[in-house]
Amino acid sequence: LLTGDEGVSTGEPFFVVEIMPSFKGGDINKFRDWVQRRTNYPQAAIEKKLKGKIFLTFIVEKDGTVTNVTVVKGVDPLLDNEAVKAISESPKWSPGFQRGQPVRVRFQIPLDFQL
């Protein structure tokens with residue numbers, strides 16, 4: 001077990017680690033593509049002509065699950081909620097590692113909604 005002075009056991013998510021989490025053998029771009037393909041443009045948003053870029057953060061946990069999906073900068077609740085839903089449905093990732101231990105890693109991702 002590592003002690004706090006090695007910086008791994010704090011429980012706070014990292015942004016950069018020695019081995020970054022991977023999504024289906026790919027990186028954050030592969031995940032962004034996966035999310036974009038699974039995001040439904042709500043009909044009400046289309047009717048309101050809503051579009052824009054949503055910035056979200058999420059954490060890949062030590063076991064590879066995706067948690068804490070949060071909108072940092074949203075466009076409209078109709079689109080924001082759809083983006084959160086899509087990311088929340090992510091299959092497990094390969095976790096990130098720091099000093100040989102699995103760690104929590106925070107990601108930020110922009111998602112584009114264009115009509």
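In the predicted model, the buried residues of helix α1 are covered by elements that include β1 (52-60), α3 (77-88) and β5. Helix α1 spans residues 28-38, and its buried residues are Phe31, Trp34 and Val35. These residues lie on the same side of α1, because the arc they cover around the axis is only 95°. Such an arrangement can be related to helical geometry: an α-helix has 3.6 residues a turn, so residues three or four places apart point the same way. At the N-terminal end of α1, Asp27 acts as a cap, with a side-chain oxygen 3.0 Å from the backbone nitrogen of Asn29.

The strands that meet α1 belong to an open sheet of 3 strands, ordered β2-β1-β5 and paired in the antiparallel sense. The edges of this sheet are occupied by β2 and β5; each has a single partner strand, so one side of each is left without a neighbour in the sheet. On average, neighbouring strands of the sheet are turned by 25° against each other, direction ignored. Between β1 and β5, the antiparallel pairing extends over 9 bridges, and Ile59 has Arg106 as its bridge partner in β5. The antiparallel pair formed by β1 and strand β2 (residues 66-73) is joined by 5 bridges, with Leu56 opposite Val71 in β2. The hairpin of β1 and β2 has 5 residues between the strands, and Gly64 in this hairpin adopts a positive phi near 95°. Strand β1 is mostly covered, with 7 of its 9 residues buried.

Two helices lie across the strands of this sheet. Helix α1 lies across β1 and β5 and runs at about 45° to β5. Helix α3 lies across β1, β2 and β5, at about 30° to β1.

These elements also contribute to the largest nonpolar core, which has 25 residues. Within this core, the residues with the most contacts are Phe31, Leu56, Phe58, Ile87 and Trp93. At least two core residues are supplied by each of α1, β1, β2, α3 and β5, and β5 gives the most, with 5 residues. In soluble globular proteins, nonpolar side chains tend to be buried together. The surroundings of Ile87 illustrate the packing: apart from neighbours within four places in sequence, Ile87 is in contact with Phe31, Val35, Leu56, Phe58, Val66, Val69, Ile109 and Leu111. Among these partners, Phe31 and Val35 are buried residues of α1.

A further set of contacts involves Val105, which is located in strand β5 (residues 105-113). Val105 counts as buried because its relative accessibility is 0%. Beyond neighbours within four places in sequence, Val105 is in contact with Pro13, Phe14, Phe15, Val17, Met20, Pro21, Phe58, Ile59, Val60 and Gly96. One of these contacts, Phe58, is also listed among the partners of Ile87. By contrast, Asp80 lies 25 residues from Val105 along the chain, and the C-alpha atoms of the two residues are separated by 22 Å.

Note on methods. Residues are numbered from 1 along each chain as its sequence is written. This is a predicted model: local features need pLDDT of at least 70, side-chain atom pairs count only at pLDDT 80 or more; totals for chains, interfaces and linings use all residues. Side-chain values use heavy atoms; hydrogens and water are left out. Helices (H or I, at least four residues) and strands (E, at least two) are DSSP runs, numbered from the N terminus. Buried means under 20% relative accessible area, exposed over 50%, partly exposed in between (1.4 Å probe, protein chains only). Contact means heavy atoms within 4.5 Å. The arc is that of the directions from the helix axis to the C-beta atoms. A polar contact is a pair of N or O atoms within 3.5 Å; within protein, one must be able to donate a hydrogen and the other to accept it, and residues adjacent in sequence count only if both atoms are side-chain atoms. Two strands pair if DSSP finds at least two bridges between them. A nonpolar core is a set of buried Ala, Val, Leu, Ile, Met, Phe, Trp, Tyr and Cys residues joined through side-chain atoms within 4.5 Å. Axes are lines fitted to C-alpha atoms, for helices over the stretch in contact, and angles run from 0 to 180 degrees between N-to-C directions.
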